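Here are a few friendly notes to read alongside the structure. Take them one at a time, and look up each part as you go.

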Amino acid sequence: MSDTPFRGTTVAFNQYALTIIGVSGSGKSSLALQMMSLGCRLVSDDYTVLKKSGDALIASAPSSIKGKIEVHGIGILAAKTIDEAKVIGIIDLDLTETQRLPLLCYKTIDGIAIRLFHKIEGCHFPAALLQYIKSYGDNQDHM
């Protein structure tokens, strides 16, 4: 992968990002908006440019959609953004997690294993994802 758009919405807190994937209408932008209301910033909505940098994936927005997020029923809204961030997790909204304490899963993109999360039914999901980002730097050994 070389600076090519990846189908997904990405939000970040400080320098760490989560990319949300799923079929059209699965709630990628909705989850991003919930996380933004908790203090995250938008990196990119709907398409994210992923660039390999050493052993990391760096997310950024295509210039044509930077600073914009589409909200069903409202339209295109402006959003505060972060130019780029290290992807530390992928959230797949097409799969629902049913285990209370699931095994760690990973998705490999361009040779880099990224922590994979499935959708959780519950209002705590955005807050739990934000806490994962906040604790990432302190707990990399077991994440």
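1. How many residues lie between E7 and E8 in their hairpin, and which residue in the turn has a positive phi? This is a predicted model, and in it three residues separate the two strands of the hairpin. The residue to look for in the turn is Gly73, whose phi is positive at about 85 degrees.

2. Now follow the two strands themselves. E7 covers residues 68–71, and E8 covers residues 75–78. Their pairing is antiparallel and has four bridges. To find your place, start at Lys68, which stands opposite Ala78 in E8.

3. While you are at E7, check which way the side chains point. They alternate along the strand: Ile69 and Val71 are buried and point to one face, whereas Lys68 and Glu70 point to the other face and are not buried.

4. Next, step back to the annotation. The UniProt record, an unreviewed entry, lists residues 7–82 as "domain: HPr kinase/phosphorylase C-terminal". In the model, this span is 47% strand and 13% helix. The C-alpha atoms at its two ends are 18 Å apart.

5. Pro62 sits in the loop that links strand E6 (56–60) to E7. Is this residue buried or exposed? Buried means under 20% relative accessible area, so Pro62, at 18%, counts as buried. Apart from neighbours within four places in sequence, Pro62 is in contact with Ser44, Tyr47 and Val49. You can also compare Pro62 with Ala85: they are 23 residues apart in sequence, and their C-alpha atoms are 14 Å apart in space.

6. Gly122 is another loop residue to find, between strand E11 (112–119) and H2. Its relative accessible area is 37%, so Gly122 is partly exposed. From Gly122 to Tyr132 there are ten residues in sequence and 16 Å in space, C-alpha to C-alpha.

7. Finally, turn to the two helices, H1 (residues 28–37) and H2 (residues 125–136). They pack at an angle of about 65 degrees, and their axes are 9 Å apart. The crossing of H1 past H2 is right-handed. Which residues meet there? From H1 come Leu31, Gln34 and Met35, and from H2 come Phe125, Pro126, Leu129, Leu130 and Ile133. Sorted by class, this contact has seven nonpolar residues, one polar residue and no charged ones.

Notes:
Residues numbered from 1 in each chain as written. Predicted model: local features only at pLDDT ≥ 70, side-chain atom pairs only at ≥ 80, totals over all residues. Heavy atoms only, no water. UniProt positions renumbered as here; feature names shortened; annotations may be inferred. Buried < 20%, exposed > 50% of the residue type's maximum accessible area, 1.4 Å probe, protein only. Pairing = 2+ DSSP bridges. Axes fitted to C-alpha atoms, helices over the stretch in contact; angles between N-to-C directions. Left-handed = near helix turned anticlockwise from the far one by under 90°. Contact = heavy atoms within 4.5 Å. Nonpolar A, V, L, I, M, F, W, Y, C, P; charged D, E, K, R; others polar.
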